[in-house]
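Q: Please take a close look at the salt bridges in this model. Which residues pair, and how buried or exposed are they?

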Amino acid sequence: MTDSKYFTTTKKGEIFELKAELNSDKKEKKKEAVKKVIASMTVGKDVSALFPDVVNCMQTDNLELKKLVYLYLMNYAKSQPDMAIMAVNTFVKDCEDPNPLIRALAVRTMGCIRVDKITEYLCEPLRKCLKDEDPYVRKTAAVCVAKLHDINAQLVEDQGFLDTLKDLISDSNPMVVANAVAALSEIAESHPSSNLLDLNPQSINKLLTALNECTEWGQIFILDCLANYTPKDDREAQSICERVTPRLSHANSAVVLSAVKVLMKFMEMLSKDLDYYGTLLKKLAPPLVTLLSAEPELQYVALRNINLIVQKRPEILKHEMKVFFVKYNDPIYVKLEKLDIMIRLASQANIAQVLAELKEYATEVDVDFVRKAVRAIGRCAIKVEQSAERCVSTLLDLIQTKVNYVVQEAIVVIKDIFRKYPNKYESVIATLCENLDSLDEPEARAAMIWIVGEYAERIDNADELLESFLEGFHDESTQVQLQLLTAIVKLFLKKPTETQELVQQVLSLATQDSDNPDLRDRGYIYWRLLSTDPVAAKEVVLAEKPLISEETDLIEPTLLDELICYIGTLASVYHKPPSAFVEGGRGVVHKSLPPRTASSESTESPETAPAGAPPGEQLDVIPTQGDLLGDLLNLDLGPPVSGPPLATSSVQMGAVDLLGSGLDSLIGTPNFVSPPATAVPANLGAPMGSGLSDLFDLASGVGTLSGSYVAPKAVWLPAMKAKGLEISGTFTRQVGSISMDLQLTNKALQVMTDFAIQFNRNSFGLAPAAPLQVHAPLSPNQTVEISLPLNTVGSVMKMEPLNNLQVAVKNNIDVFYFSTLYPLHILFVEDGKMDRQMFLATWKDIPNENEAQFQIRDCPLNAAVPEVPSTGGVPARVPGLRDHPQELRPHPASAPAFHQPRRGAPWEVAAPPSPGRGRARLLAPTGFPGPDSRACPGPRDTPVLENPLFPLLLMFSVR
């Protein structure tokens, strides 16, 4: 009779009967009683009252009975800690039993009894078992160390068990090695800061030797340990790969995935020029394909891991498209995963085969699968440009089937194709409009409305079509309402005379009759735009849209590298790092691929950053899309990227001149002695000239700066925040031209194209003077240098800080935003000249209310007065702008440029208020004679004093 009889009894008073049987003298009766106790315990009955009686049964030579008693002890020791101590002596005695099975059983049970009072008694038996002559006892003791560490880590360290465990890695038995590695890995994961697995080439060699002889689970432990090792060079990485490769043919799928993880990680260090690299790619494909012949659950796990592998190295499975074709009896979760991988492997070489398969799938009966298949056709069109026409033709064939959900999915997909290829396939719009009445899903209706609004000028009855949607405006979903509002505004901007009533109606519905804040706000924005500035409204609403990319669902490169290190675990199935789903810090260790060695970068860009960062520089996981896309108008950007401090040598030189040469240095007299040539920075073309007066070209022989200080490039936009695009740059000024020198690096898995750049309004009107020219597609791991010319004719808005610049960069993937600080010296002209009319116009443009006046008394001036022609860029006479704006005229060229009042006369200075824009005016008492015996103008003129200090005072005029 089988043991099932022990689970069928439901007698009352059973505990008393069991108690009597446990104390029986007959061994068979005692054994039967223990079995009944274990059966009751298994079904959930409380048999803890029998604890003393069961413990008494430990003193037996029967191995089966001893196992049953130990099982009972493990279950109830925690609830009966005082009673559990009674069993300690038996445990210690069993650890010295001649039978290795009993020794191993005793040490295993003691490790599983999580009672603090017992752990101290466990140390000595455990130490003996770790050095036992039998490998079965040693491997059991190795696991027991990890269990004991979980209970009392300090005790394990004090007793030196960790060192003993490390010694077991060199054990002659492969299973002992595997269990030692498993125990150390477990302890290391719970204490990431401890460097327990300090692997070196010698220990790695021992692990690889044991790999061939241990069990399948032992192989998994060793392979996972190897994956945490970073080889010192590509030669060592290749050697390890060669010895791990045979594991790919193992029957256990977990061993195969662990081997794939090791190979994928170490391939990072191999040069693509090596013959072995190509051989390894070929060897990786067959085991992955074999995994797809297992049961559906294993297939799904394999497919999720293959999805990661294909994103990292699509060349591994590029010739294995057929194995991902869907079978009729595949579960839906396997079908959808296969479909996703098919799209990732789609290329110009196999697109015809893929499209034929997808068209077949679109006729299936499973609605979810059909929808995904139709969308896959659209993704093929976007990914493989050469197949776009064939994909559109296939979608039109599917629309002709008149199957409702197929038609609606096809319309959603065609909208994306229009975004990718504008003005190319608009001939199909008529076919789409025929199915307008059958659309009942919000996404399909919104897509159709977008198409009508976007191409309203090509659709004769666009107003009628949109008006038909407007009739049930309040019954529509928010998505449709927003799209309808935008589409009608587009239609109005394209056909204003015919659709005025329609746009008023939709604006009224959106703003006055709607409770949705998003819809209401968008309605008000459109209303204000249309009522105040229709031209601006047209630029905003009908602006050129960024092209879309198929690879928007790719995993961000940094996260992908981390997930590759977790192949064969739950993280690879969820496509999330362990920190996203493991509660607490235990067991969560951030991993990354090893950095490439110099030899492995022979075919890579020298600018490519290593995928693995030091622990202190771990990159964060990429933020969500909402965090990335800040609105430039909202100005909700992070702090600007601070670059290195600008060189101030030229400014310091001027300051020394002012302090060292007295007032003479201000007016550029012959007495001024230039500093030695060594004081001039090497990157400046000529000396600054003679002091501040040279700002207005008031002295002869002014040197011209051929170039200015160029700060080293700084990273403005990290790759982790821009889906793999890294932007570094700096600002330069050369020969009167401002440039933004950019360095674009593609750290994603896909080609980047269609680059464009735009600046937000800023303090000095900086704007691109030409489009961003990237002449060739930017391939993965490629870097390109670009110099973008800038001008200062853009829109002006005061920023905080003043030199903050907010930039938007677009490519075929997305739009990315960042802010940076530009050095103010790039705005300075080299020769200091300013057009006379521009100067006067700028001076006059400063509002009068920004003028503040005060007097400087007792300021004698003895400086010699140079005679400078009035054509030098500063007017010889600037009248009081408030009193006589019509007096804006220079003196004749023959007249001296400056007048000086008599000594001791009061000076009147008009200085700008701060903050804000203002002007400084230095006014002399009227009527004082100058050196040429001609009086200054009378009281009505109130002129700005024509004095050598005038250039200095003009510096107070700020914008």
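A: What follows goes through the salt bridges one pair at a time.

The model is predicted. The protein has 37 helices and eleven strands. Buried residues make up 49% of its 959 residues. The structure holds 28 salt bridges.

Start with aspartate 224 and lysine 261. They form a salt bridge, with the closest N and O atoms 2.9 Å apart. This pair links distant parts of the chain: aspartate 224 sits in helix 14 (residues 216-227) and lysine 261 in helix 16 (residues 253-266), 37 residues apart. Aspartate 224 is partly exposed, at 26% relative accessible area. Lysine 261 counts as buried because its relative accessibility is 5%, and the cut-off for buried is under 20%.

Next comes arginine 313, which bridges to glutamate 268 with the closest N and O atoms 2.7 Å apart. Here loops are joined: arginine 313 lies between helix 18 (296-312) and helix 19 (332-345), while glutamate 268 lies between helix 16 and helix 17 (275-291). The two are 45 residues apart in the chain. Both arginine 313 and glutamate 268 are buried.

Aspartate 397 and lysine 359 form another salt bridge, with a closest N to O distance of 3.3 Å. Aspartate 397 belongs to helix 22 (residues 388-399) and lysine 359 to helix 20 (residues 351-361), 38 residues apart. Aspartate 397 is partly exposed, at 38% relative accessibility. Lysine 359 is also partly exposed, at 35%.

Salt bridges also form a network, which links Arg371, Arg375, Glu409, Glu441 and Glu443.

Conventions: Residues numbered from 1 in each chain as written. Predicted model: local features only at pLDDT ≥ 70, side-chain atom pairs only at ≥ 80, totals over all residues. Heavy atoms only, no water. Helix = DSSP H or I, 4+ residues; strand = E, 2+ residues; numbered from the N terminus. Buried < 20%, exposed > 50% of the residue type's maximum accessible area, 1.4 Å probe, protein only. Salt bridge = Lys/Arg side-chain N within 4 Å of Asp/Glu carboxyl O.
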